[in-house]
Amino acid sequence: MAKDDNGGKELAAADSSHGGPDVPVGTAVVTRDAIANPGFPPHDLRVTDVDPKAERRAERTVYTLFYVSVVGSVFAIAAYMAFPINPEDPGSVRENNLFIGLGLSLALLALGIGIVHWGKALMSNHEVIDERHPVRGSEETRARAVEIFEIANEESGFGRRTLIRNSLFAALIAFPLPAVVLFRGLGPDTDPIELLSQTMWKKGTRLAMDPSGTPIRAVDVTLGSAFHVIPEGLQDLEYGKLEEKAKAAVLLMRLKPEDLNELPERKDWSYDGIVAYSKICTHVGCPVALYEQQTHHLLCPCHQSQFDVSNHCEVIFGPAKRPLPQLPIAVDAEGYLIAQSDFTEPVGPSFWERS
Ligand code: FES
């Protein structure tokens, strides 16, 4: 039998095969282990434990790595000064990031490898057993805790003064409510479906390049090309430009007409193989920005949803649940691409529709 350090209570070990006393069946407090503890394997000495030359070599490697790390850090600082960012030269951002990144990578890599090598080759490697200790406090500690609570209760009058106690509970429950109300106010005032169903597109609006706002002529959309498109006039809006763009952004692509598998009711929504689809992903609304010309697939980089342009942008992979909405287009008398109407369904995330 063993003594509990904390409470002085006697504990019975259950398994006599592991060095404990025999315990009658039915009184054991711990089940016998099905598998005997195999213990530690024999301790293998490292080469640095037995060969002083190897130890010195490892020491040299470690401090060399740490000095290499210093060189990397200094290089990063020098790169910051040698390759400043010039706002008028986008290439300067690339150089600045590249060289600072190289310096910091070298510093971190050398530091990390050095620390690991130090730990593995030079630091003491004898095994240590960390015994588990009971989590339960001693009887004395527990009794003292109860006593403290009782004193606190007595001195504060928490249990006695019920009006104060109950009003405190009411105050604590009411306190988070303003936050709930304020956060609620951040949501849209109007019905989200209605909000996402109306964009700047309307009959006759010209399709324009993003961001220049230059109208696009059908002849300029060559086979295999893809354009990022906004409604003409969006750039002239004084207020709400970003909000409108977030709903009205469109991708325009031209395929061979025979590659397009159009739905019967949308036969006249395209023009000579040119189709326009909402750029706002139907998963959670990221811009679907990548077009794979050979396969006619659009990829959303956020969660990898893929849409097949040749099959009315149906989802072929990823978490999006519905096709990208199509914008019906036509050509005006001057050969510019125009919208036939607004989208016929809400753009963007489809979770609104499930509620
Ligand atoms: S937002 Fe496009 S896949 Fe998630």
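In what order do the five strands of the open sheet lie? That question will guide this presentation. Please keep in mind throughout that the structure before us is a predicted model.

The strand order in the open sheet is 3-4-5-6-11, and the pairing is antiparallel. At the edges of this sheet are strand 3, covering residues 207-209, and strand 11, covering residues 326-327, each of which pairs on one side only.

Let us now go through the pairings, beginning with strand 4 and strand 5. These two strands run antiparallel and are joined by four bridges. Within this pairing, H228 faces L251 of strand 5. On to the next pair: five bridges connect strand 5 with strand 6, again in antiparallel fashion. Here L252 has A276 of strand 6 as its bridge partner. Finally, strand 6, which comprises residues 274-278, is linked to strand 11 by two bridges, and these strands also run antiparallel. In strand 11, the residue opposite Y277 is Q326.

Is strand 5 enclosed or open to its surroundings? Five of its five residues are buried, so strand 5 is largely enclosed by the rest of the structure. Both of its faces are covered. On one side we find V250, L252 and R254, on the other L251 and M253, and all of these are buried.

This brings us to the nonpolar core. The largest such core contains 39 residues. Which residues have the most contacts inside it? They are L207, V229, V250, L251, L252 and A276. At least two residues of this core come from each of the following: strand 3, strand 4 (226-231), strand 5 (250-254), strand 6 and strand 13 (337-339).

V229 serves as an example. If we set aside neighbours within four places in sequence, the contacts of V229 include L207, A208, M209 and D210. I216 is also in contact with V229, as are V250, L251, L252 and A276.

Let me turn, lastly, to another part of the chain. Under "transmembrane region", an unreviewed UniProt entry lists residues 62-83, 98-118 and 168-187. What does the model show over residues 62-83? There the chain is 95% helix and 0% strand, with 31 Å between the end C-alpha atoms. Over residues 98-118, the chain is 100% helix and 0% strand, and the end C-alpha atoms lie 30 Å apart.

To return to the opening question, the order to remember is 3-4-5-6-11. Thank you for your attention.

Note on methods. Residues numbered from 1 in each chain as written. Predicted model: local features only at pLDDT ≥ 70, side-chain atom pairs only at ≥ 80, totals over all residues. UniProt positions renumbered as here; feature names shortened; annotations may be inferred. Pairing = 2+ DSSP bridges. Core = buried A, V, L, I, M, F, W, Y, C linked by C-beta atoms within 7 Å. Buried ≥ 20, exposed ≤ 12 C-beta atoms within 10 Å, placed from the backbone. Contact = placed C-beta atoms within 7 Å.
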